[in-house]
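Okay, thanks for making room for me today. I'll put the structure up and then walk you through it.

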Amino acid sequence: MSEAHVSDSTSVNEEIQRETMDVDVLIVGGGAAGLSAALHLANQISAHNDAVASGSKQGQPIPDQMIVVLEKASEIGAHSLSGAVMNPVALRELVPNFEELGAPMETPVIEDAVYWLGEKTKIKAPVTPPPFENHGNYVVSVSRLNRWLAQQCEAKGINVFPGFAAVECLYENGKVVGVRTGDKGLDKNGNRKGNFEPGLLMKSKITIFAEGTRGSLFQKVSNHLGLMEGKNPDVYELGVKEIIQCPAGTVRAGEVIHTLGFPFKKGVGGTFIYTLPNDQIIVGLVGYLDTTDPLFDPHRMLQQLKLSC
Ligand SMILES: Cc1cc2nc3c(=O)[nH]c(=O)nc-3n(C[C@H](O)[C@H](O)[C@H](O)COP(=O)(O)OP(=O)(O)OC[C@H]3O[C@@H](n4cnc5c(N)ncnc54)[C@H](O)[C@@H]3O)c2cc1C
């Protein structure tokens, strides 16, 4: 893959001189989706070129493409949500030998269960309903997994740029042609400090938005281009999650428990507990935002859950 390079200087507004960087594919957001998209694209290009070289496919090889992933966090993984159960099916397609390559799987799931909770009671479901079955899945730290994915990307020559937030979309003739990255070195009132660095204009043939749910920039792009017209609106849940260090020898890694009932009084939601090696547990709670409970407060409810245990 090509090295990133900065070309000419361009002025987009009255006072700031901005440099322009031309890239081939620009991906906004270095979470699992953005990093996987970059890696998949690089793999597809290599596979195409190998097939052309071996004569099994007709066509021209694709020249080196500069693929850039922008991540607003200061390092990859710093804005990722920790502690998740992951079905590895997509990762296996992307990196078939991910275990061999040392992908950070914390533990395989060894047991799963679903409970109905009352304030002081619990009833275990005699069978685990299929959506809650996790055999074959892994408990992972999303932050660590994303850092590993970024290393796989860099090994393929993809440019991963943490510390760069895309703050404005660039259009030409109504088409997205890249983004502007945020200025650095501003004080809390937006005034320039001594270390002020203007953001870059990153021009790209293809721009992929992988900002996660409620991406602030993609929302503007979507409004500008009317991408949600005639589509179902997004549906949101609100959740909180904690990782708790327990006393040594008290936690068996690889258990996945989902619950319904308490502490929810109205509305739909549930809680989850995943256990990790080194006596850590992940505990969280998620509720639909269309709840009829006007006092729905996931932080308070997670405290109620922990106090009732
Ligand atoms: C409470 C909770 C529990 C969950 N549990 C699980 C689970 O157990 N298993 C599971 O598979 N999934 C789980 N999920 C869902 C999972 O977290 C998401 O599906 C996954 O993180 C989505 O990945 P993504 O790359 O699309 O977005 P994200 O992980 O949100 O990554 C987006 C990245 O883009 C960056 N970014 C955003 N905007 C910009 C910008 N303008 N410029 C530059 N960078 C930008 C962000 O900093 C972030 O790093 C859970 C989610 C929640 C809220």
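**Charges, fold and ligand**

So, let's start with the charges: the chain has 27 positive and 35 negative ones, and their mean positions sit 5 Å apart. Keep in mind that this is a predicted model.

Now the overall picture. We've got five helices and 18 strands in the chain. Run a box along the principal axes and the C-alpha atoms fill roughly 65 × 55 × 45 Å. Of the 309 residues, 41% are buried. As for the surface, about 17,500 Å² is accessible, with 53% of that belonging to carbon and sulfur atoms. And if you take contacts between residues at least 6 apart in sequence, 68% of them join residues at least 24 apart.

Let me zoom in on one residue, Thr 107, which you'll find in strand β5, residues 105-108. Is Thr 107 buried or exposed? It's buried, because its relative accessible area is 9%, and the cut-off for buried is under 20%. Leaving out residues up to four places away in sequence, Thr 107 touches Tyr 138, Val 139, Ala 253, Gly 254, Thr 275 and Pro 277.

Okay, on to the ligand. There are 21 residues around it, and the closest are Ala 33, Glu 71, Val 85, Ala 166 and Glu 211. Ala 33 places a backbone N or O atom 2.8 Å from a ligand oxygen. With Ala 166, again a backbone N or O atom, the partner is a ligand nitrogen at 2.9 Å. Then there's Tyr 274, with a polar side-chain atom 3.4 Å from an oxygen of the ligand. Taken alone, the ligand exposes 1,000 Å², and the protein buries 70% of that.

Terms used:
Residues numbered from 1 in each chain as written. Predicted model: local features only at pLDDT ≥ 70, side-chain atom pairs only at ≥ 80, totals over all residues. Heavy atoms only, no water. Helix = DSSP H or I, 4+ residues; strand = E, 2+ residues; numbered from the N terminus. Buried < 20%, exposed > 50% of the residue type's maximum accessible area, 1.4 Å probe, protein only. Contact = heavy atoms within 4.5 Å. Areas by Shrake-Rupley, 256 points an atom, 1.4 Å probe, with all protein chains shown as cover. Lys, Arg positive; Asp, Glu negative; His and termini not counted. Charge placed at Lys NZ, Arg CZ, Asp CG, Glu CD. Near = heavy atom within 4 Å. Polar contact = N/O pair within 3.5 Å; in protein donor to acceptor, adjacent residues only side chain to side chain.
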